[in-house]
Each structure stands twice: as C-alpha cells, then as structure tokens.
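The following exercises are to be worked with the sequence and the model at hand. Each task is followed by a solution in steps.

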Amino acid sequence: MSGKFFLKVFLVLALLTAVAAGGYFKLEEFSEAKVREAVERLSDAVRVDFERALINPFDHSLHVWGLECRFATGAYCTVRKLEVQSFDREHRVPHFFRGRVQGVSVPVEFINLGTLARDFRKMGYDKLNFDLFADYSYEDGTKRLSVKSVDFSGADLCRVRAGFSLGDFSLRGPGIGGVIGTSMLDGNLMWQDKSLAGKIMTLSAKSEGLELRLYRDRLLESLQLKMQESRSRGNGYAENFYSELIKFIDNPERIVVRVEPTEPVPLLYMFMGRSFDELLDLYGITAEANFYSRK
C-alpha cells in the first residue's frame, strides 16, 4: 500500500477524532446548562455548584462531578460524583429512580449534625465520608411502592442496606396522612459494622463511668432478661430478636433483620401504643447475626 493511502487514513481518523471531541465538549456544555437550570429551581432550599456534568444521549443517564452543596439551614457537604441512572420525568413525584452519590463528605460540625457532632468528635470523626445508592419504583395500578435498595456505605462507619415493599401507598399524601391505609408487605435491613458500633459502645461506657467490658456485660444481661421474658410469654419473634442481638453486641460484625408478616399489616399499628415486643410479633420480624462467620 502506498504512503498516500496511509496519509488519507490518518487524516480521516484525525478528522473523526476532532469531530467526536467537538461533539463531546458541546454535549458537556449542554449538560452543564441543563443541570444548572435544574439546580436553580432548588435554590431556595440548597445552593449547588459543580465542576462538570454529562448527560448520556443514549440512555439519558446523568453524571455530575465535584459538587458543593450548601443548604438553607447552613449545613454543607461535598460530593465527588452524582450518577442518576434512571429517573421518572413524567410525574411531579417520580415513580421510579435509580442512582448513586459517591464520595459524600460531611464535616463533623454543629451546623451539619446538631448535638450529634459532639458525640462523633468524641469518637474520633472529623468528617463523615460515605457513598449512597437508591433504587425504587411505584406502580399506580396496584399502589405498591417497592424500595429495592437503599445502601449506605461508610468506609470507617458501617454499611447499611435496606429494602421494603408497601401496599396501598399514596405518593401524594404528605406526612402521617400519606400512610393511612398503607400496609407493610415485607422488608429487610442489613447492618455490617466497620467500627461505628464498637465506638458507640465505648462512648456509652465512658458516659456512664464504666469500663467497656462491664458496660457490655450489663447490656448483655439486660438483653438476656428480655429474651427470657419473651420466651415465658410465648413470643418467639421477640425471643429470636433478642437472642440474635445478644450475638451481635457480643461481637459486632453483621446483623440482618427481616420483616415477613403472614399478611399485610397497616403501618399505623406502629403508632398505636403497642410495645416493641408486640410489634416484633405483629410484623413477623426476625434477626440473624454474624451468620457468615459460623462454621
């Protein structure tokens, strides 16, 4: 093949690269304008600045980098990246959403955490660093809200992953009025500790003037008593819950809580004066601690 052929190929590739680069920068400009337009509508509640944004023209996903958020209350945080994978644009209250925020950093200050800031500082935290993921959908016909996953992951805190389904749920009803008639169908929550539970127990022991070992022993004795009382009343759900909680307190690694009522149970029952043990039985709540480390 001649040198002229290779020169033509090179020029064509260079032209395509230039066109692609130009198109990319134009897309970034368009994306930035759209995102700024969206955040401006929220300016009464939060001021958001960011480094750059990109809307994928093929799947319409949104990516935003380098966010700084300052809320009307004075609270503030930074986010390394926001990614919205899918989002309902047809309804005022979105019927589905899937997205994540990576590299959230919240300074441990009173303006951000209120009185909790003092306790977090005592536990050695200057900033709370974590990632979040959420995925939910709502069906108009069945009025079913399915929260497939809400995932909180803090490198030196904990990981909490939850999911649940609600029946006869209204997206329009604000506050407690929105859950009248709503029932719990099922749910689950997983806590994987990465140091937070141990630090909370150490802080609690110090606040009561006790050594950690003595504080933990007293807490375990209290839970043992609750477990025995539940057994005497024939409440198997409460007995199971306290039994597994004892294992977690003794060795805080991982605990999974499941909600599996035999039939849908109204959420309002939580606010009608029932004891915690009664709610465990009513909603079919079970727990399992440190299961992955068992032989």
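Contact means heavy atoms within 4.5 Å. Helices (H or I, at least four residues) and strands (E, at least two) are DSSP runs, numbered from the N terminus. The model is predicted, so that local features need pLDDT of at least 70 and side-chain atom pairs count only at pLDDT 80 or more, while totals for chains, interfaces and linings use all residues. Residues are numbered from 1 along each chain as its sequence is written, and side-chain values use heavy atoms, with hydrogens and water left out.

**Exercise 1. The chain as a whole**

Task: State how many helices and strands the protein chain has, and what share of its residues is buried.

Solution. Step 1: the protein chain holds seven helices and 12 strands. Step 2: buried means under 20% relative accessible area, exposed over 50%, and partly exposed in between (1.4 Å probe, protein chains only). Of the 295 residues, 35% count as buried. Step 3: among contacts between residues at least 6 apart in sequence, 51% join residues at least 24 apart.

**Exercise 2. Two packed helices**

Task: Describe how helix α5 and helix α6 are placed with respect to each other, and which residues meet.

Solution. Step 1: two packed helices are described by the angle between their axes and the distance between the axes. Axes are lines fitted to C-alpha atoms, for helices over the stretch in contact, and angles run from 0 to 180 degrees between N-to-C directions. Step 2: the axes of α5 (residues 212-232) and α6 (residues 236-250) come within 8 Å and cross at roughly 165°. Step 3: angles under 35 degrees count as roughly parallel, over 145 as roughly antiparallel, 65 to 115 as roughly perpendicular and the rest as oblique; α5 and α6 are therefore roughly antiparallel. Step 4: on the α5 side the contact includes R216, L219, L223 and M227, and on the α6 side it includes A238, Y242, L245 and I249. Step 5: the residues of this contact divide into nine nonpolar, three polar and five charged. Here Ala, Val, Leu, Ile, Met, Phe, Trp, Tyr, Cys and Pro count as nonpolar, Asp, Glu, Lys and Arg as charged, and the others, Gly among them, as polar.

**Exercise 3. Pairing around β6**

Task: Determine in which sense β6 pairs with β5 and with β7.

Solution. Step 1: two strands pair if DSSP finds at least two bridges between them. Step 2: β5 (residues 96-107) and β6 (residues 127-139) pair in the antiparallel sense over 10 bridges; R98 has D135 of β6 as its bridge partner. Step 3: β6 is also joined to β7 (residues 144-154) by 10 bridges, again antiparallel, and F133 stands opposite D151 in β7. Step 4: the hairpin of β6 and β7 has four residues between the strands.

**Exercise 4. Positive phi in loops**

Task: Where do K143 and D168 lie?

Solution. Step 1: most residues other than glycine have a negative phi. Step 2: K143, in the loop between β6 and β7, has a positive phi near 55° and is partly exposed, at 45% relative accessible area. Step 3: D168 lies in the loop between β8 (158-167) and β9 (183-193); its phi is near 55°, and D168 is partly exposed at 48%.

**Exercise 5. One residue in α7**

Task: Is L279 buried or exposed?

Solution. Step 1: L279 lies in helix α7 (residues 276-282). Step 2: with a relative accessible area of 15%, L279 is buried. Step 3: leaving aside neighbours within four places in sequence, L279 is in contact with Y269, M270, R274 and I285.
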